Amino acid sequence: MSASAPAICTTRPISVPRTGTLQWWHTAVIYQVYPRSFADSDGDGMGDLPGITARLGHLARLGVDALWLSPFYTSPQADAGYDVADYRDVDPLFGTLADADALLERAHQLGLRVVVDLVPNHTSDAHVWFQAALEAAPGSPERERYLFRDGRGENGELPPNNWLSVFGGPAWSRTTDADGTPGQWYLHLFDVRQPDLNWGNEEVSAEFRDVLRFWLDRGVDGFRVDVAHGLVKEEGLPDWAGHSSMISEHESGEETSAPADDDGDDDEQADDGEVDLRNNGPMWNQPGVHEVYRDWHAVLAEYGADKMLVAEAWVSPLTDLAKYVRDDEMHQAFNFAFLASHWHAEEMRGVIEHSVQVNDTVGAPTTWVLSNHDVVRHASRLGLPSAGGNVEPVGPDDLQPDAELGLRRARAATLLMLALPGSAYLYQGEELGLPEHTTLPPEVREDPTVARGGGLGRDGCRVPLPWEAAAPAFGFSPTGASWLPQPEGWARYALDAQKGDPSSTYEFYRRALRTRRDFALGSGGLAWIDLDRPGVLGLANGELVVLANTTGEQVRLPEDLEPLLSSTELDKHTDGALFLPADTTLWATRVHPEPGRKPFGPD
Ligand code: NOJ
């Protein structure tokens, strides 16, 4: 424990407040709804659109600006809806188009914008185009919509190149011709049931412009673009020996002083300057993708400047990611470098500063995110010995996260995130402090990565939400059915168990979101407060001072701070001094310093 308060060494401005015309997406807090697991209205154990509509009041009350809906389109659900068979309809599992319209209308009545998912890299194998392609001959226009190739080897028995699927196994599958003989191969960077589209084909481009207009006409406010860095492949599809992953720890490593890698994964090599072979292969981040987004930008602009595109692109370095948000392309890109950071003040400072600076070069808002439907929830990730960084699934045989420490750090990380200028994404359930379900039995796991890659998959963060402590399935569905089992102890996370309890994570999120709005943090400027205390991150956003203590020791607070909100209750000592507990973030304002006393924070 430190007896003295940290001294202010210097303050250093990083970015200025955003002026000029502000669109909602410049500063928005956007809540990700995963339709399968949000709320089930018909009792089949699968969440649905009417269930979401009925619960939209929760989002309005929480204080977010918008929701992003993961896919609800017609789909065989081979990848939980990221395998779309019809981009213009709703899967019966989730409801009807009329239900989608009703959801949009209700959200807009409540002042919430709605962003929908767009999956342009691949379709489902059940899509009429792919079915037609299988029926058609090699070289036909039907096959030209996808990436069909002849195999290598004497009889075409070897795949056209050596690419691997992100989900494990080869990225090519062979077709069977009508006469039963083996035919051409098709590319699927993900599951065998997700054939990649050919973005060199104008018919594909025209189709997606039309899909954008279909949903814009229905009133959506934006699109989250799946695998935005994958649409265009390098000419000739050259061999590449690397292995692609969705989010790698390396994404946090650039230009920062990351702590030593302690997870034993020796293929993480980028920090020592070697080339990271995972996500820079000839299938990713090709210059041609930018033409697609310029084209889409123009389509959205027809509907007004308040429509937005957000890229899901696992691209590093961040300077490459910034290219996706140049002012005639997308409007935002997810910042996975922040998500993949360790709970480590100096590392996070490096990531934050670099993110803000690269986005400033193109005038785009920086985004912040800590959890989504593909990674271990941050309340569990941060409770592992690696304190974040590791986004790989955790299973029953793995070291289990420390739930208390994880939640404590998660609240602290969230409070830091919500203080940052730009736009922030929340993943459903994090406002309840939900941990990852780390002990799901193998037989209930649906994620296709389990069968292809032999891993644990991503279902642990997709478990249906607990709404009511005493209801069947904790209020997720009227019958008590739930497509994934909820852990027994989840009553304590239920919304109704937290409402009105000032110490609950839910009420904490509400206060944070209200204060973020009151202080206009989303459009504010950022300055570092350099402290002489390693492990404590200090920053100012306008009037607000933020201290994030990432160490395991409490720190005495400077006296000229007026606490507003902290992620863990502050400690008050008998002499009246306030202490910032371990793993805690504080939002405060400055008290006017007495004459002659050194003020805290920027002048
Ligand atoms: C990224 C999505 O977030 C993930 O859930 C999906 O499996 C892949 N893209 C493939 O569409």
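Which residue in strand 22 does A548 stand opposite? That pairing comes up in the first of these close-ups, which are all drawn from a predicted model.

**View 1. Strand 22 and its pairing with strand 17.** Here we zoom in on strand 22, which covers residues 584-590. Strand 17, made up of residues 544-549, pairs with strand 22 in the antiparallel sense, and 5 bridges hold the register. To settle the opening question, A548 sits across from T585 of strand 22. Of the 7 residues in strand 22, 6 are buried, so the strand is largely enclosed by the rest of the structure.

**View 2. Strand 22 and its pairing with strand 19.** Now look at strand 19, residues 561-566, which runs antiparallel to strand 22 and is joined to it by 5 bridges. One pair to pick out is E562 with T589, its bridge partner in strand 22.

**View 3. A closer look at T589.** T589 belongs to strand 22. Is T589 buried or exposed? Its relative accessibility is 18%, and because buried means under 20%, T589 counts as buried. Setting aside neighbours within four places in sequence, the residues in contact with T589 are F519, E543, D560, L561, E562 and L564. E562 in that list is also the bridge partner of T589.

**View 4. The ligand and its shell.** There are 13 residues around the ligand, and the ones that come nearest are D79, R224, D226, H373 and D374. How does the shell divide by residue type, and how many of its residues are charged? The count is 7 charged, 4 nonpolar and 2 polar.

**View 5. Polar side chains at the ligand's oxygen atoms.** Three side chains are worth finding in this one. R224 has an N or O side-chain atom 2.9 Å from an oxygen atom of the ligand. For H122, a polar side-chain atom lies 3.0 Å from a ligand oxygen atom. R458 likewise places a side-chain N or O atom 3.0 Å from an oxygen atom of the ligand. Taken alone, the ligand would expose 300 Å², and the protein buries 100% of that.

**View 6. D196 in its loop.** Follow the chain from strand 9 (182-187) towards helix 6 (202-218), and D196 turns up in the loop between them. Despite the loop setting, D196 is buried, with a relative accessible area of 0%. Not counting residues up to four places away in sequence, D196 touches N121, H122, Y146, L147, L187, H188, L189 and K233. With N121 there is a side-chain to side-chain polar contact of 3.1 Å. H122, also touched by D196, is a residue already met in View 5, with a polar side-chain atom 3.0 Å from a ligand oxygen atom. For a sense of scale, the C-alpha atoms of D196 and L547 are 46 Å apart, and 351 residues separate the two along the chain.

**View 7. The antiparallel sheet 7-9-8.** This open sheet has 3 strands in the order 7-9-8, with antiparallel pairing. Strand 7 (148-149) and strand 8 (172-176) are the edge strands, each pairing on one side only. Strand 7 meets strand 9 through 2 antiparallel bridges, and F148 has Y186 as its bridge partner in strand 9. Strands 8 and 9 share 4 antiparallel bridges, with W172 standing opposite L187 of strand 9. L187 also features among the residues that D196 touches. As for strand 9 itself, 5 of its 6 residues are buried, so it is largely enclosed by the rest of the structure.

**View 8. The hairpin of strands 8 and 9.** Zooming in on the turn, strand 8 and strand 9 form a hairpin with 5 residues between them. Which residue in the turn has a positive phi? Look for G180, where phi is about 90°.

**View 9. The parallel sheet.** In this open sheet, 8 strands line up in the order 12-11-10-6-3-2-14-13, and the pairing is parallel. Strand 12 (332-333) and strand 13 (367-369) stand at the edges with a single partner strand each, so one side of each has no neighbour in the sheet. Further in, strand 2 (residues 29-33) and strand 3 (residues 66-69) pair in the parallel sense over 4 bridges. A pair to look for there is Q32, which stands opposite W68 in strand 3.

How values were computed: Residues are numbered from 1 along each chain as its sequence is written. This is a predicted model: local features need pLDDT of at least 70, side-chain atom pairs count only at pLDDT 80 or more; totals for chains, interfaces and linings use all residues. Side-chain values use heavy atoms; hydrogens and water are left out. Buried means under 20% relative accessible area, exposed over 50%, partly exposed in between (1.4 Å probe, protein chains only). Helices (H or I, at least four residues) and strands (E, at least two) are DSSP runs, numbered from the N terminus. Two strands pair if DSSP finds at least two bridges between them. A residue is near a molecule or strand if one of its heavy atoms lies within 4 Å of it. A polar contact is a pair of N or O atoms within 3.5 Å; within protein, one must be able to donate a hydrogen and the other to accept it, and residues adjacent in sequence count only if both atoms are side-chain atoms. Accessible areas come from the Shrake-Rupley method with a 1.4 Å probe; for residues, only the protein chains shown count as cover. Ala, Val, Leu, Ile, Met, Phe, Trp, Tyr, Cys and Pro count as nonpolar, Asp, Glu, Lys and Arg as charged, and the others, Gly among them, as polar. Contact means heavy atoms within 4.5 Å.
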